[in-house]
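Student: Please take a close look at the last helical part of this chain and tell me what packs against it. Then work outward to the rest of the model.

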Amino acid sequence: MTTTRKIGLSLGADLCWPTFYEDIVEQLDPVATMGSETVRFVVDRVTIEPYALHQESSYDVVLDRLTHWYHTSREWIKKSIIMDGTYVLNNPFSIQSMEKHTSYAAMMRLGLPVPETWMIPPKHYEATSDLQITLESYAQMFDLKAIGDQIGYPQFLKPFDGGAWVGVSRIDTANDLERAYNESGVRLMHLQKAAEPFDLFVRALAVGPQVNVIRYDPGAALHDRYKVDFDFVDEDELQLLSDMVLTINTFFGWDFNSCESLRVDGTFHPIDFANPCPDSQVTSLHFHVPWLVKAKIRWSLFCAATDRPMRLNLDWDEFFEISDSDRPYREKLTEYGKIARRRLDSDRFDEFCATQLADLDTVTLEYFGSEKARETVHAKVGRMFPSHEVEQFTDHFWGLIQFWRKTEADRLAGA
Ligand SMILES: Nc1ncnc2c1ncn2[C@@H]1O[C@H](COP(=O)(O)OP(=O)(O)OP(=O)(O)O)[C@@H](O)[C@H]1O
Ligand SMILES: [Mg+2]
């Protein structure tokens with residue numbers, strides 16, 4: 001029996017990776033043998049239009065990059081999951097409810113070394129009818145400086161649900177704190193102790209059970225923050241960072257996320273890991289983009305081929321049982337990692353990739369040398385950079401992708 005599974009790309013401004021994804025899947029033309037079933041795949045882009053709630057979704061899997069801010073599509077995706085059994089990367093219900101603050105609380109509950117963090121009521125409010133009486137009745141006066149001193153400097157004042165570095169201030173003194181808080185307006189803010197001095201800053205990017213740990217330089221220009229570097233963590237650290245990001249992702253039901261961690265005195269402190277629509281652009285990820293595109297292709301085809309059900313009830317008890325035991329942190333993390341890999345069906349996934357997607361590496365290697373891939377990089381750079389820099393930066397990112405091809409060819413030759 002032959003079945004066709006449909007994968008939808010739900011997109012906003014994303015320009016480069018969707019084209020890479022579509023071109024590579026087209027060239028690969030994957031056909032999966034799942035028991036007695038032969039599975040083929042079609043990919044298209046989800047459009048925005050009115051829908052009746054009873055109108056069945058035609059998609060088996062949706063790779064979503066839009067619905068964290070675009071509500072028509074968010075509600076369509078939620079109804080498709082509930083009514084039609086569509087599998088969506090990432091779970092829109094948990095994105096909606098689990099912002100940065102909840103993610104800190106949850107991972108502190110599991111014992112992860114999140115730096116000391118306080119929630120501070122906002123400096124100003126939008127006027128609403130019950131505001132005055134509520135604040136007069138219940139809002140306590142507080143001494144911000146005393147909280148800042150207690151946490152210790154340096155620290156960061158940043159939105160409790162933040163993203164894209166908006167409203168993030170580094171605080172070195174009580175005066176800085178007072179000024180930054182006064183400027184924070186109606187935003188609800190966290191005050192968080194800096195994980196400093198750190199000797200390594202990494203982002204662990206994960207898609208399903210696949211993890212790529214990338215060195216990161218927050219002080220560099222935007223196009224140069226993700227580093228091309230090798231062997232900057234040892235095997236144990238790599239395992240720990242993988243366990244950490246997969247624990248976070250399965251705890252929240254996210255398939256695709258990035259976890260920022262800073263190493264201080266040998267301990268990795270996660271500081272920002274509610275990023276369920278992480279940067280996927282060639283203008284930031286350059287060398288690392290082929291890895292990401294392959295990871296998305298593998299995981300979405302696997303989810304489609306196996307008819308993977310969404311886990312709608314996040315089921316935290318299993319994690320809490322481990323966190324409530326008296327095992328040391330590293331052992332707990334290993335156990336969380338086992339739950340994560342089981343929930344992500346990682347053994348079956350590895351076998352699927354080995355048996356059904358054996359050509360993906362070589363197809364991808366060849367594709368990223370093609371004129372079409374270069375044109376796509378050029379188009380993306382054209383959208384992001386001033387016109388006099390477009391050629392220079394196209395060459396820059398293309399050069400880094402060609403360097404990836406060299407390392408990849410060596411890897412495949414050695415494999
Ligand atoms: N506790 C901390 N210790 C050290 N550095 C921090 C800390 N919190 C924030 N920073 C610095 O500030 C940057 C922005 O903070 P954070 O990542 O929390 O905000 P964001 O708005 O979610 O950023 P994005 O989503 O773009 O990564 C971090 O990449 C890091 O360089
Ligand atoms: Mg961040």
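Tutor: In helix α16, the buried residues are F393, T394, F397, I401 and W404. The structure is a predicted model, so every statement here is about a prediction. Buried means that 20 or more other C-beta atoms lie within 10 Å of the residue's own. An α-helix makes a turn every 3.6 residues, so residues three or four places apart point the same way. The cover over the buried residues of α16 includes α9 (282-285), α10 (289-305) and α15 (371-384).

The length of α16 can be checked. The helix runs over residues 390-414, which is 25 residues, and at 1.5 Å a residue it should span 36 Å. The C-alpha atoms at its ends are 36 Å apart, so the expected and modelled spans agree.

One of the helices covering α16, α10, leads into a loop worth a look. D307 sits in that loop, between α10 and α11 (317-323). Its phi is positive, about 55 degrees, although D307 is not a glycine. Most residues other than glycine have a negative phi, and most peptide bonds are trans. D307 is partly exposed, because 15 other C-beta atoms lie within 10 Å of its own. D345 is another non-glycine residue with a positive phi, near 55 degrees. The loop that holds D345 connects α12 (329-343) and α13 (346-356). D345 counts as partly exposed because it has 17 C-beta neighbours inside 10 Å.

The backbone also has cis peptide bonds. One joins L89 and N90, with omega about 0 degrees; N90 is in the loop between β5 (87-89) and α3 (92-97). Another joins Y153 and P154, with omega about -5 degrees. P154 belongs to the loop between α6 (144-151) and β7.

Strand β7 (155-159) brings in the ligand, since β7, β12 (256-264) and β13 (267-272) each supply at least two residues of the shell around ligand 1. That shell holds 19 residues, and the closest are F156, G162, A194, P218 and D272. By type, the shell divides into 11 nonpolar, 4 polar and 4 charged residues.

The domain assignment places this shell in context. Domain 1 covers 2-97, domain 2 is made of 105-114, 197-276 and 309-344, and domain 3 covers 116-193. Ligand 1 lies between domain 2 and domain 3, because both give residues to its shell. The centres of domain 2 and domain 3, taken over C-alpha atoms, are 27 Å apart.

As for the chain overall, its secondary structure comes to 16 helices and 13 strands. Its C-alpha trace spans about 70 × 50 × 50 Å along the principal axes. A compact globule of 415 residues would have a radius of gyration near 22 Å; the chain has 23 Å, which agrees. Of the 415 residues, 37% count as buried. Contacts between residues at least 6 apart in sequence join residues at least 24 apart in 73% of cases.

Terms used. Residues are numbered from 1 along each chain as its sequence is written. Chains are lettered from A and ligands numbered from 1 in the order in which they are written. This is a predicted model: local features need pLDDT of at least 70, side-chain atom pairs count only at pLDDT 80 or more; totals for chains, interfaces and linings use all residues. Helices (H or I, at least four residues) and strands (E, at least two) are DSSP runs, numbered from the N terminus. The radius of gyration is taken over C-alpha atoms; the globule rule is 2.2 Å times the number of residues to the power 0.38. A residue is buried if 20 or more other C-beta atoms lie within 10 Å of its own, exposed if 12 or fewer, and partly exposed in between; C-beta atoms are placed from the backbone. Two residues are in contact if their C-beta atoms, placed from the backbone, lie within 7 Å. Domain bounds come from an automatic or database domain assignment. A residue is near a molecule or strand if its C-beta atom, placed from the backbone, lies within 6 Å of it. Ala, Val, Leu, Ile, Met, Phe, Trp, Tyr, Cys and Pro count as nonpolar, Asp, Glu, Lys and Arg as charged, and the others, Gly among them, as polar. The expected span of a helix is 1.5 Å times one less than its number of residues.
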